[in-house]
Amino acid sequence: MESVSAVFAGTALALFGSALLIWTGARALHRAPVAHGVSPVASTALTTLFGVVFLGLGVWVFTLV
């Protein structure tokens, strides 16, 4: 039963991280703001950082299964 929870958590984290990276890449490619009212460089950097962190956490959880 614990492996089912780990697979669910890993999938959710990996999907969120990859979707965040894809969305940030698409916004940056079209030179659209990632977050309104914030420096474009800071918002792109932080969003990319959190996308990598969530994707890494998802992969890490999958290694524990």
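Reader: How many helices and strands does the protein have?
Author: Happy to start there. This is a predicted model, and its secondary structure is quickly listed. The protein has zero strands and, as for helices, two.

Reader: Is the protein more spread out or less spread out than a compact globule, and what is its radius of gyration?
Author: For 65 residues the globule rule gives 11 Å. The protein is well over that, so it is more spread out than a compact globule. The C-alpha atoms fill a box of roughly 45 × 15 × 15 Å along the principal axes. The radius of gyration itself is 14 Å.

Reader: What share of the residues of the protein count as buried?
Author: Let's take the surface beforehand: the protein exposes about 4600 Å², and carbon and sulfur atoms supply 77% of that area. Buried here means under 20% relative accessible area. Of the 65 residues, the share that meets this is 18%.

Reader: How far apart are the end C-alpha atoms of helix 1, and why does that agree with its 28 residues?
Author: Helix 1 covers residues 2–29. At 1.5 Å a residue, its 28 residues should span 40 Å. The model agrees, because the end C-alpha atoms of helix 1 are separated by 40 Å.

Reader: What should helix 2 span at 1.5 Å a residue, and how far apart are its end C-alpha atoms?
Author: Helix 2 takes in residues 40–64. For its 25 residues the expected span is 36 Å. The end C-alpha atoms agree with that, at a distance of 36 Å.

Reader: Which residues of helix 1 are buried?
Author: A little helical geometry helps here. An α-helix has 3.6 residues a turn, so residues three or four places apart point the same way. The cover over the buried residues of helix 1 includes helix 2. Those buried residues are Ala6, Gly10, Ala14, Gly17, Leu20 and Thr24.

Reader: And in helix 2, which residues are buried?
Author: Here the cover includes helix 1. Under the cut-off of 20% relative accessible area, the buried residues in helix 2 are Ser43, Thr47, Gly51, Gly58 and Val61.

Reader: Which residues does Thr47 touch, not counting residues up to four places away in sequence?
Author: Thr47 sits in helix 2. Its relative accessible area is 15%, so Thr47 is buried. Leaving aside residues up to four places away in sequence, Thr47 touches Leu20, Trp23, Thr24 and Val34.

Reader: Among contacts between residues at least 6 apart in sequence, what share joins residues at least 24 apart?
Author: One pair separated widely in sequence is Leu64 and Ala6, 58 residues apart along the chain, with C-alpha atoms 7.9 Å apart in space. Another pair, Ser18 and Gly56, is 38 residues apart along the chain, with 9.8 Å between the C-alpha atoms. Turning to contacts between residues at least 6 apart, the share that joins residues at least 24 apart is 76%.

Reader: What phi does Arg31 take?
Author: Arg31 belongs to the loop between helix 1 and helix 2, just after helix 1. With a relative accessible area of 77%, Arg31 is exposed. Although Arg31 is not a glycine, its phi is positive, at about 55°.

Reader: How far apart in space are His36 and Thr11, C-alpha to C-alpha?
Author: His36 is another residue of the loop between helix 1 and helix 2. Its relative accessibility is 71%, so His36 counts as exposed. In sequence, His36 and Thr11 are 25 residues apart. In space, C-alpha to C-alpha, the distance is 29 Å.

Reader: What separates the C-alpha atoms of Ala12 and Val52?
Author: Ala12 lies in helix 1. At 38% relative accessible area, Ala12 is partly exposed. Ala12 and Val52 are 40 residues apart along the chain, and their C-alpha atoms are separated by 14 Å.

Reader: Which residues form a nonpolar patch on the surface?
Author: Two members show how open this part of helix 2 can be. Leu49, in helix 2, is partly exposed at 48% relative accessible area. Leu64, also in helix 2, counts as exposed at 56%. Together the patch has about 690 Å² of accessible area, and its residues are Leu46, Leu49, Phe50, Val53, Leu57, Trp60 and Leu64.

Methods
Residues numbered from 1 in each chain as written. Predicted model: local features only at pLDDT ≥ 70, side-chain atom pairs only at ≥ 80, totals over all residues. Heavy atoms only, no water. Patch = residues over 30% accessible without salt bridge, like charges linked within 9 Å, V, L, I, M, F, W, Y side chains within 5 Å. Areas by Shrake-Rupley, 256 points an atom, 1.4 Å probe, with all protein chains shown as cover. Salt bridge = Lys/Arg side-chain N within 4 Å of Asp/Glu carboxyl O. Helix = DSSP H or I, 4+ residues; strand = E, 2+ residues; numbered from the N terminus. Buried < 20%, exposed > 50% of the residue type's maximum accessible area, 1.4 Å probe, protein only. Rg over C-alpha atoms; globule rule 2.2 N^0.38 Å. Contact = heavy atoms within 4.5 Å. Expected span 1.5 Å × (residues − 1).
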